[in-house]
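Trainee: Got a minute? I'd like to go through this structure with you.
Mentor: Sure, pull it up and ask away.

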Amino acid sequence: MAASNSSKLFRVGRSILGGLSNNALGASRPSSQLADVDFLSQQTRTFIQMRTNLKVVDNSGAKRVMCIQALKGKKGARLGDVIVASVKEAHVGGKVKKGDVHYAVVVRAAMQRGRCDGSEVKFDDNAVVLINKQGEPIGTRVFGPVPHELRKKKHLKILSLAQQIA
Amino acid sequence: MRLEKCWFCSSTVYPGHGIQFVRNDAKIFRFCRSKCHKNFKMKRNPRKVKWTKAYRRLHGKDMTKDSTFEFERKRNRPERYDRNVTEDTLKAIKKIDKVRVDREARHHKERMKGKKGQLRREAAVELAKSINLVKAPGALLQEPSLTLPKIKVKVSQPQTEKNRMEE
């Protein structure tokens, strides 16, 4: 009888634990984020090529740009590469206007990229930071995580402006 | 060089292995192999997938609380290099690993012991309680040897003995 009682107690304890854990997990992953991840994982991600739309993650004033030329690689640009982009959407009163053509660095790419140690890294979305001809960023802030590979590509200014380095 | 833990299965991710996914809020998900990455993309919860460490911990399959786990914790404070400390650490790693393996084996042994005794006791109680469904109580009173004594009772279970006495 004592044995059966103890087993019942154990079962109750486990169910409470399970409830707790579920709650904790739900809190840490908001549903909107999940939907975003799902949308991106539906298809295989590929190079950033001509007509790829990219998010601009600096305060230069551009919102969305379109890749019109990848400056390196036959297939297209990858994480850390420089592209030529045309501004498709821009905030009014920003440094850049709609229709401008600028250089840009790919700071986040959904396609995975090999790291120097052989592992791989990939991001949520495709994002760029606009730069001028000398390679200095046009904006003064960079939002979201950027990869540390930018150091190798000599975009130190972007790295120092970034909030997080992944 | 840091040995990270896989987000999905909690195994160690050695340098140069696996893939890491950086979410836009800069949370990094590291995966030891494509199996774990695919499961993540399928939005599976590691607590509900049976082969992961999370599931096994949650369901009491593995040891959860142990002092040997404290040594493997992630520390963000860098230690100043000291040759003697390093030497001692390298020696201690072997020892701690051995202790951990032994404790895990003991835990597994305890877990696999089963509940044979408990089942036996419960069965005996049930039989004693509901024997009247099999045999009429009157018939049992006349000849008590009809059914009950057929249970084999171990010496280490005084409870069954008592029940039989009551009957």
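Trainee: Which residue is the bridge partner of A:V84 in β4(A)?
Mentor: That's A:Y103. Keep in mind that this is a predicted model.
Trainee: OK, and over how many bridges do β3 and β4 of chain A pair?
Mentor: Over 5 bridges, in the antiparallel sense. β3 covers residues 82–90 and β4 covers residues 101–108.
Trainee: What do the 5 strands of chain A close into?
Mentor: A barrel, in the order β1-β2-β3-β4-β7, with mixed pairing. On average, neighbouring strands of this sheet are turned by 55° against each other, ignoring direction.
Trainee: Switching topic: where does A:D125 sit?
Mentor: In chain A, in the loop between β6 (120–123) and β7 (127–131).
Trainee: Is A:D125 buried or exposed?
Mentor: Buried, because its relative accessible area is 12% and the cut-off for buried is under 20%.
Trainee: What does its side chain touch, then?
Mentor: The side chain of A:D125 has a polar contact of 3.1 Å with the side chain of A:R108. The A:D125 side chain also makes one with the side chain of B:N24, at 3.2 Å.
Trainee: Now pockets. How much space lies in the largest pocket?
Mentor: About 1,900 Å³. It's lined by 41 residues, and those closest to its centre are B:F71, B:E72, B:R73, B:K74 and B:R75.
Trainee: Which element gives the most to that lining?
Mentor: α3(B), with 10 residues.
Trainee: And what classes of residue are in the lining?
Mentor: There are 19 charged, 16 nonpolar and 6 polar residues.

Terms used:
Residues are numbered from 1 along each chain as its sequence is written. Chains are lettered from A and ligands numbered from 1 in the order in which they are written. This is a predicted model: local features need pLDDT of at least 70, side-chain atom pairs count only at pLDDT 80 or more; totals for chains, interfaces and linings use all residues. Side-chain values use heavy atoms; hydrogens and water are left out. On a 1 Å grid over the protein atoms alone, a cavity is a set of points where a 1.4 Å probe fits but cannot get out, and a pocket is an open set with protein on both sides within 12 Å along at least five of seven lines; lining residues have an atom within 4 Å of a point. Grid points are joined across faces, edges and corners, and a volume is the space filled by probe spheres set on the points. Helices (H or I, at least four residues) and strands (E, at least two) are DSSP runs, numbered from the N terminus. Ala, Val, Leu, Ile, Met, Phe, Trp, Tyr, Cys and Pro count as nonpolar, Asp, Glu, Lys and Arg as charged, and the others, Gly among them, as polar. Two strands pair if DSSP finds at least two bridges between them. Axes are lines fitted to C-alpha atoms, for helices over the stretch in contact, and angles run from 0 to 180 degrees between N-to-C directions. Buried means under 20% relative accessible area, exposed over 50%, partly exposed in between (1.4 Å probe, protein chains only). A polar contact is a pair of N or O atoms within 3.5 Å; within protein, one must be able to donate a hydrogen and the other to accept it, and residues adjacent in sequence count only if both atoms are side-chain atoms.
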